[in-house]
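Please open the model in your viewer and keep the selection panel at hand. The stops below go from one selection to the next.

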Amino acid sequence: MKILKLVLISGIVFGSVQAQEANIYLDLGIKKFVGKESTLQYHKYFGIQTDINDSEFLSSNSLFPNQTGIKPTHTNLKNISSLSGSFSSNQSKNNSIVAKLQGIDLDANPVSTPIANSVSSYFNKITASQKVLIDIQDEIKNPLAINNASKYSLFYKNLGTKLDELNSPVLLSSPLLETHTIDEDNFDLFKNTLKTFIEISGKEIDQYTTDITDGVDIKTQSIAYRSGANVEATFDLINTLNFSKHNKVKPFLINHYGLKFDNWLNQAHSNYNDALIIESLNNQVMSLLDKPDNIVKAIPNIYANAKATPNPYTLVTKQDDGSFGKTDLIKFYDFWKDINGDRTYITSDNPDVQVNAFKNKGKWINVFNNLSDKTQTLHLKFSHYDTDRISKYTLRRIYTNAEGVTEITEAHTDIHIDQLDIEPFETFMLILDVPADAEFATSIVEYNNYSKSYLKPITANEIISFNIENTVIGKGRANIRLSFGRNKKLSRYPIVKLNDNVVLTPTNWPGYDQENKENFFGTLIIPVPLSYVKASNKIDISFPDTGGHVSSVVINTEIFSNDVENKNYIEKNAPVFVSHGGILLNVSKKLHCTAPRILDKKGNTIKKIKGYHAGNTVDISTLKSGEYIFKLKSGSEYPFKK
């Protein structure tokens with residue numbers, strides 16, 4: 001732990017407190033792409049739950065004079081067979097709409113052709129910038145129950161085929177994929193329902209519908225946070241299954257994100273509950289913003305008004321005197337109102353600190369979110385050029401104050417900031433004034449490279465192998481996204497090899513430790529040297545104890561479009577590596593070794609290292625150029641090249 005230095009910004013003091021740390025690397029000169037996506041689509045993430053027919057309520061209500069960006073996400077089509085005319089709405093401009101189709105009885109084996117014809121005709125004027133996502137509502141509580149999965153999968157397959165044949169402007173959504181308990185009972189829910197549906201109809205479905213809300217764990221009656229590692233592992237498992245079966249990944253329609261407690265439904269509205277909801281919303285939207293190519297729409301669990309909607313989650317509620325007033329949930333939209341522009345390069349070396357960054361004309365907007373219950377000290381590593389280009393710093397914070405309610409504060413300074421504290425579950429924006437004509441010097445593209453294997457059982461000390469082909473490589477950064485589900489009493493620290501190179505397993509993952517659940521299900525993000533990554537890769541994994549499954553393994557790469565000579569992007573994640581022109585061998589402090597030796601490729605001892613202490617560098621100036629092995633007393637071997 002490190003004692004923080006004082007940072008004073010317009011009366012806001014970040015003082016001497018014990019904190020964890022994160023190094024944040026950010027560069028205004030690098031445009032970031034995730035797949036083909038760079039420009040932020042605001043309405044993909046910040047809509048509101050309501051019927052499109054209530055849009056007048058939002059656009060005209062005097063409570064929202066400065067909130068034209070809040071647009072409804074739903075239209076309810078109560079009787080699909082009686083649709084006539086065509087759909088049009090000013091509220092849908094540049095805003096994808098989720099159309100809920102009612103009046104379809106899946107148990108009655110409906111014919112897909114007339115349904116496809118009706119919705120295609122009704123939405124025939126929708127353009128590419130006004131997507132309609134069709135979400136079929138059925139009386140059945142769970143269409144993907146085990147005894148229904150095959151039957152309804154075939155219906156969706158047929159409907160998707162008909163919509164494709166009509167070149168329809170609508171995009172077909174899956175039924176709700178229940179993922180809150182996806183890892184329970186050895187992933188039975190996944191194997192018996194989701195797998196069946198994706199294998200049968202995944203080719204014809206345009207997006208998968210799921211709910212990622214934080215909520216209550218039924219067995220322990222405590223808050224089960226999906227934010228962080230759990231949501232990451234869920235997305236990666238479904239993406240890997242779809243890739244293994246259909247050779248591509250389909251995006252998600254997140255029909256609810258945030259916090260949802262059923263026992264709140266009979267309670268009066270509370271600003272204290274609003275604060276918990278906003279923390280959850282911010283935790284999850286930061287993760288969703290990371291995946292613009294994998295999210296077609298993500299809808300906050302916030303409703304426009306209290307009429308026929310759950311009271312705890314409403315933006316507007318009726319006061320005791322009969323008038324309408326805003327709830328604190330409006331602060332979620334107030335905080336995010338300026339987020340816009342092209343994505344820029346930013347990364348955090350602490351998985352509990354989520355980051356996103358965008359440039360919009362003369363504003364460089366950097367967003368930070370703390371998933372943990374510990375204060376984090378952020379060390380901001382600006383490029384040399386950016387420090388000179390920043391003329392003003394604006395810090396906007398949204399957090400739960402000492403009274404337990406949500407507060408937004410904003411402060412300004414022209415003094416350079418390179419260190420800040422972020423409190424537990426806090427989110428803040430550092431908005432920087434930069435020249436509006438500042439141009440990108442280069443770009444970086446993020447790729448997720450999937451295996452065709454998934455859900456492999458874990459046996460003590462047995463190697464589980466995954467192969468990943470056609471990996472995009474170059475100069476940049478890389479990590480392994482290793483996801484697994486197992487009893488929380490079992491080890492969460494596997495031994496991992498990438499193409500026979502041992503990589504160091506981190507002891508932290510995004511979000512909380514899931515100790516209130518029976519099982520841990522989440523993603524470890526393991527930084528790896530990009531030199532270890534090849535076009536064809538083999539990842540070997542072993543745990544010291546039996547139980548659970550490795551659900552998926554993904555290699556994530558970030559590749560620069562051209563050469564970038566900047567120390568910020570040289571990732572030294574190898575257990576051992578050579579530096580200073582070949583005269584020093586650097587050894588990670590995480591290697592617990594006594595009396596190590598250096599061997600040649602034949603296994604002969606070349607150098608014994610006496611009096612070694614963890615983290616020391618080793619003088620190898622007398623070694624000839626070639627390949628060597630750094631061997632520990634335990635027998636572990638780490639190859640290196642001089």
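Where in H4 is the kink centred, and about how many degrees is it? The kink in H4 is centred on Leu194 and amounts to about 35°, where the bend at a residue is the angle between axes fitted to the seven residues ending there and the seven starting there. Before going further, note that this is a predicted model, in which local features need pLDDT of at least 70, side-chain atom pairs count only at pLDDT 80 or more, and totals for chains, interfaces and linings use all residues. Residues are numbered from 1 along each chain as its sequence is written, and side-chain values use heavy atoms, with hydrogens and water left out.

Select residues 184-201 to see H4 as a whole; helices (H or I, at least four residues) and strands (E, at least two) are DSSP runs, numbered from the N terminus. H4 has 18 residues and reaches 24 Å from its first C-alpha to its last, close to the 26 Å expected at 1.5 Å a residue, the expected span being 1.5 Å times one less than the number of residues. Among the buried residues of H4 are Phe187, Phe190, Leu194 and Phe197, whereas Asn192 is partly exposed, with a relative accessible area of 35%; buried means under 20% relative accessible area, exposed over 50%, and partly exposed in between (1.4 Å probe, protein chains only).

Next, add residues 229-246, which form helix H5 and pack against H4 at an angle of about 40°, with the axes 11 Å apart. That angle makes H4 oblique to H5. Here axes are lines fitted to C-alpha atoms, for helices over the stretch in contact, and angles run from 0 to 180 degrees between N-to-C directions; under 35 degrees counts as roughly parallel, over 145 as roughly antiparallel, 65 to 115 as roughly perpendicular and the rest as oblique.

Now move to the open sheet, whose 4 strands follow the order E37-E36-E39-E40 with antiparallel pairing; two strands pair if DSSP finds at least two bridges between them. Strands E37 (605-608) and E40 (637-641) stand at the edges, each with a single partner strand, so one side of each is left without a neighbour in the sheet.

Finally, select E39 (residues 627-631) together with E40, which pair in the antiparallel sense over 5 bridges, and find Ile629, whose bridge partner in E40 is Pro639. Along E40, Tyr638 and Phe640 point to one face and are buried, while Glu637, Pro639 and Lys641 point to the other and are not.
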